[in-house]
Amino acid sequence: MESVSSYAFTEEDRVILRSQIPFLDCLGAMFGDSCEIVLHSFETLHASVIHIVNGHITDRKIGAPVTNIALEKLSEFKKTNENWAVYFSNSNKDNKPFKSSSTLITNNDNVPIGMICMNYSLDVSLHSLVKNFYEPIDRKQENFSQDVNNLVLSHLEPIRNQVYTNNEIPSKNKVQEIIRQLNDIGLFELPITNKIVSHELGISSATVYKHLRTLNKSAKETV
């Protein structure tokens, strides 16, 4: 493998790196402000940080250089092809303890082009830790079904019950309303949904498709 410093980055490499940013922002929201998440690009090692979440933890900003750990991981990758590690570390400035991880990002040719590093501060108070993980941001109920049929039915049944007991929805519109709500949560992305819904509602697959076409046409007209 050629040296990173001599590798000529392509626009595709840069796109791969930039595509990680939404995921890192999501991780930052997940783990809270005691977890620093850094995206390095190996295109310019002396200014490798191209995105950082909670940089206050190590006082780094975009444009900060690569770390010794990143260089060690690169060297190890050449020998073992291992592209991630979890370890304990300390800040060289104030000796703060961290639980850290480093994951290399490779392109389609398996060339390392960057790295995602996470540093979770271990000197955070128990109160702050509990508050971060248990204070609700947005509550949702998620179905972790092992079977796609059960997944569809677990959404269909409560929606059907809610629609059929709602006297404000005319009888002639109830089937369409059920399909609309299922469509709004993206359930018809599963090909089997049409078959299950048509069977459970006692209608044909063609009728389901007809309602979906009507709903999609209406959605386009309101955009």
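In the predicted model, Gly202 follows directly after helix 7 and adopts a positive phi of about 70°. Helix 7 itself spans residues 192-201, and its buried residues include Thr193, Asn194, Ile196, Val197, Ser198 and Leu201.

Helix 7 packs against helix 5, which covers residues 148-164. The axes of the two helices lie 10 Å apart and meet at an angle of about 45°. This angle is neither under 35 degrees, nor from 65 to 115, nor over 145, and helix 5 and helix 7 are therefore oblique to each other. Their crossing is right-handed. On the side of helix 5, the contact is formed by Val148, Asn149, Val152, Leu153, Leu156 and Arg160. Helix 7 contributes Ile192, Thr193, Ile196, Val197, Glu200 and Leu201. Of the residues in this contact, eight are nonpolar, two are polar and two are charged. Thr193, Ile196, Val197 and Leu201, listed here for helix 7, are also among the buried residues of that helix.

A second site concerns His51, which belongs to strand 2, a strand made up of residues 49-53. The relative accessibility of His51 is 16%. Because buried means under 20%, His51 counts as buried. The side chain of His51 is joined to that of Asp25 by a polar contact of 2.8 Å. Leaving aside residues up to four places away in sequence, His51 touches Ile21, Leu24, Asp25, Ile37, Val38, Leu39 and Ile62. Asp25 thus appears both in this set of neighbours and as the partner of His51 in the polar contact.

How values were computed. Residues are numbered from 1 along each chain as its sequence is written. This is a predicted model: local features need pLDDT of at least 70, side-chain atom pairs count only at pLDDT 80 or more; totals for chains, interfaces and linings use all residues. Side-chain values use heavy atoms; hydrogens and water are left out. Helices (H or I, at least four residues) and strands (E, at least two) are DSSP runs, numbered from the N terminus. Buried means under 20% relative accessible area, exposed over 50%, partly exposed in between (1.4 Å probe, protein chains only). A polar contact is a pair of N or O atoms within 3.5 Å; within protein, one must be able to donate a hydrogen and the other to accept it, and residues adjacent in sequence count only if both atoms are side-chain atoms. Contact means heavy atoms within 4.5 Å. Axes are lines fitted to C-alpha atoms, for helices over the stretch in contact, and angles run from 0 to 180 degrees between N-to-C directions. A crossing is left-handed if the near helix is turned anticlockwise from the far one by less than a right angle, and right-handed if clockwise. Ala, Val, Leu, Ile, Met, Phe, Trp, Tyr, Cys and Pro count as nonpolar, Asp, Glu, Lys and Arg as charged, and the others, Gly among them, as polar.
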